[in-house]
Amino acid sequence: MMYTLHTQVGRSSIDFQIQTTFLYDELTARFRSFEASRNLEAPNIHVEVYDFYGKPFDDGPVEIQENGSEYVYIRADYKLVTTPDYSQAKIYVHDDLALKHALINLYSAWLIHRRAGLLIHSSCVVEDDRAWMFAGPSGAGKSTVADLSVPRPILSDEATLLLFEPDGSITIHDSPFRSEMEEACELPSSPLAGIHFLIQSQDVRRVGIRKGDALISLLDKVFYWEHNKLETAKMIALCKQAVEGVPAYELYFQKNDTFWGVIS
């Protein structure tokens with residue numbers, strides 16, 4: 001017996017077929033507005049999810065294989081097998097961490113393949129109906145900034161879902177891929193106002209940076225595992241489109257909420 005769940009992420013629909021109640025509970029906790037798949041158009045992404053795979057994550061890399069009609073991503077704690085257009089996938093996982101990482105891997109690749117958007121390692125907070133993204137390397141303070149920004153709406157604390165609109169504008173959507181702040185945002189989306197690259201400091205200031213520098217800083221913040229030159233070129237083009245669409249800054253901040261004084 002497989003459990004069926006259907007959800008919406010951004011503008012895309014995902015249909016899950018799930019092997020165990022453990023995985024079903026993990027998915028229903030992470031994704032909102034699950035509904036039984038009745039009277040709905042065919043999903044954009046169909047995923048079968050299976051339990052009891054591999055072993056706990058060991059800090060090892062994701063290995064990628066291209067086997068003709070499918071791509072295979074293998075890590076110690078999960079295996080993702082997908083069609084080249086990422087619309088049909090099977091995921092085998094060890095635990096909840098593996099499930100989240102595999103789904104981020106799949107959904108990010110799906111977005112890039114369609115030139116629709118990006119999943120970016122960052123947090124994102126809404127202030128006066130505008131979304132501000134906060135990016136940086138591990139330990140830079142992305143989730144800390146989100147936590148310090150409460151009660152402002154938090155669209156992401158780990159993986160920001162950035163989508164390009166037909167008119168060229170950029171919208172940030174509520175991300176189901178969260179770390180500590182697991183509650184869904186009351187706002188489904190908000191227009192992106194700018195990107196901040198975080199630098200912990202003794203003072204608080206914001207410095208505008210050139211588009212080229214912003215592009216270089218953004219490239220390694222995208223959830224993307226390089227395996228194909230065409231897909232890599234798409235990812236770079238999307239990052240360039242993002243930094244050309246909104247201003248980018250270096251944000252020097254302390255671990256308190258005074259940084260909002262230089263933003264708003």
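Buried means under 20% relative accessible area. Keep that cut-off in mind for the cysteines; the model on screen is predicted.

**Cysteines**

Select Cys124. Its relative accessibility is 0%, so Cys124 counts as buried. The structure holds zero disulfides, and Cys124 is accordingly in none; the nearest cysteine sulfur belongs to Cys185, 9.1 Å away. Next, select Cys239. Cys239 is in no disulfide either, and the nearest cysteine sulfur, 15 Å away, is that of Cys124. With a relative accessible area of 0%, Cys239 is buried.

**Largest pocket**

Move to Arg30, Phe31, Arg32, Asp174 and Pro176. Of the 20 residues lining the largest pocket, these are the closest to its centre. The volume of this pocket is about 460 Å³. Colour strand E1 (3–9) and helix H1 (21–30): each supplies at least two residues of the lining. H1 gives the most, with four residues. By class, the lining has eight charged, six polar and six nonpolar residues.

**Second largest pocket**

Now select helix H2 (residues 96–113), which provides the largest share of the lining of the second largest pocket, four residues. The full lining is Leu97, Lys100, His101, Ile104, His121, Glu158, Val222, Phe223, Tyr224 and Trp225. About 210 Å³ of space lies in this pocket. Six of its lining residues are nonpolar, two are polar and two are charged.

**Cavities**

Over the whole structure, a search finds two cavities of 30 Å³ or more.

For the largest cavity, select Ile14, Phe16, Phe31, Ile45, Val47, Leu103, Leu106, Tyr107 and Phe177, which line it. Strand E2 (12–18), strand E3 (45–50) and H2 are the elements that give two or more residues to this lining, and H2 has the largest share, three residues. The space inside is about 60 Å³. What classes of residue make up the lining of the largest cavity? There are nine nonpolar residues, no polar and no charged ones. Phe31 in this lining is also among the residues closest to the centre of the largest pocket.

Keep H2 selected for the second largest cavity, where H2 again gives the most to the lining, with three residues. Add the lining residues Tyr73, Asn105, Ser108, Ala109, Phe223, Tyr224, Trp225 and His227. The volume here is about 40 Å³. The lining divides into five nonpolar and three polar residues, with no charged ones. Phe223, Tyr224 and Trp225 line this cavity and also the second largest pocket.

Terms used. Residues are numbered from 1 along each chain as its sequence is written. This is a predicted model: local features need pLDDT of at least 70, side-chain atom pairs count only at pLDDT 80 or more; totals for chains, interfaces and linings use all residues. Side-chain values use heavy atoms; hydrogens and water are left out. A disulfide is a pair of cysteine sulfur atoms within 2.5 Å. Buried means under 20% relative accessible area, exposed over 50%, partly exposed in between (1.4 Å probe, protein chains only). On a 1 Å grid over the protein atoms alone, a cavity is a set of points where a 1.4 Å probe fits but cannot get out, and a pocket is an open set with protein on both sides within 12 Å along at least five of seven lines; lining residues have an atom within 4 Å of a point. Grid points are joined across faces, edges and corners, and a volume is the space filled by probe spheres set on the points. Ala, Val, Leu, Ile, Met, Phe, Trp, Tyr, Cys and Pro count as nonpolar, Asp, Glu, Lys and Arg as charged, and the others, Gly among them, as polar.
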